[in-house]
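Please open the structure in the viewer and keep the sequence panel visible. This tour proceeds from one selection to the next.

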Amino acid sequence: MGRRKGLDRFMGLKEQIHIIPVTDALREPGACPFCVMRKKLDADAVAFMLSPSYMEDDIRKATNNTGFCAAHTRRLYDGGNRLGLALMLHTRLLKLISDVDCGRREKMPGGCVICGNVNETMRRYTETFFYLWESGGEERQLIEKLDGFCVEHYAMLTAAAQTCLGKQKKAEFEKTAREIQKAAMERIADDLDWFIKKFDYRYADEPWKNAKDALPRVIGMLAHD
């Protein structure tokens with residue numbers, strides 16, 4: 001009961017804004033909802049960092065102290081604001097020069113401002129996902145009709161269930177998630193098998209069925225960005 005009240009308080013505050021992006025992702029056909037959420041968060045975070053916000057003191061302090069990972073540095077470079085990126089990297093470099101000069105090796109190489117913010121929001125999205133599943137209703141039906149998850153987010157969900165759900169609900173969710181994931185992986189395995197067969201002359205005149213996009217779909221499941 002105490003945990004239920006805690007969840008209700010959690011959802012009764014400003015975090016209710018997380019319900020909309022989570023339910024929107026659940027309605028995205030044929031996609032891992034957590035990949036959908038993360039991709040949008042990532043794009044929004046890069047756009048925000050390249051907006052005039054990079055001149056704000058608190059933003060610059062964060063980028064100076066933490067910096068960006070290689071992947072987000074490349075995305076920022078491709079984002080169209082080379083001057084903004086140059087300014088952020090210049091003051092970050094000056095901060096590192098100061099750290100080197102003072103012998104503060106523990107400050108290097110740092111982390112990534114964008115990764116940190118995205119990961120924190122994804123944590124809240126995950127809590128919201130479990131809240132919606134546990135509450136029942138339309139959102140639970142959306143979850144139970146999902147076409148599966150990428151393998152990374154499936155593993156993340158089964159691990160998060162250990163702390164986000166009580167013992168009985170955890171077992172119930174694990175069973176549901178396992179059934180969803182197994183069915184999704186079997187479907188895509190069958191489609192990929194047919195995709196491979198279509199390269200055999202004996203199957204050249206056979207219809208493609210659902211196999212034309214099997215390769216990008218399996219890449220999305222096994223090795224998404």
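**A tour of selected salt bridges**

Select Glu 120 and Arg 124 to begin: they stand four residues apart in helix α7 (residues 113-135), which means that about one helical turn separates them. The model on display is predicted. Display the side chains of Glu 120 and Arg 124, and a salt bridge appears, with 3.3 Å from N to O. Glu 120 is partly exposed, at 33% relative accessibility. Arg 124 is likewise described as partly exposed, with a relative accessible area of 24%.

In general, side chains of opposite charge can pair when their charged atoms come close.

Next, select Lys 170 and Glu 174, whose side chains form a salt bridge of 3.8 Å, N to O. These two residues belong to helix α10 (residues 167-197), where they are four residues apart, about one helical turn. Is Lys 170 buried or exposed? Lys 170 has a relative accessible area of 19%, and it counts as buried because the cut-off is under 20%.

Remain in helix α10 and select Asp 191, then add Arg 217: the closest N and O atoms of this salt bridge are 2.9 Å apart. Arg 217 lies in helix α11 (residues 214-222), so the pair ties together parts that are 26 residues apart in sequence. Asp 191 is buried, at 16% relative accessible area, whereas Arg 217 is partly exposed, at 29%.

Finally, return to Glu 120 and Arg 124, and add Arg 123 and Glu 127: salt bridges with shared partners join these four residues into one network. Across the whole structure, a search finds 18 salt bridges.

Notes:
Residues are numbered from 1 along each chain as its sequence is written. This is a predicted model: local features need pLDDT of at least 70, side-chain atom pairs count only at pLDDT 80 or more; totals for chains, interfaces and linings use all residues. Side-chain values use heavy atoms; hydrogens and water are left out. Buried means under 20% relative accessible area, exposed over 50%, partly exposed in between (1.4 Å probe, protein chains only).
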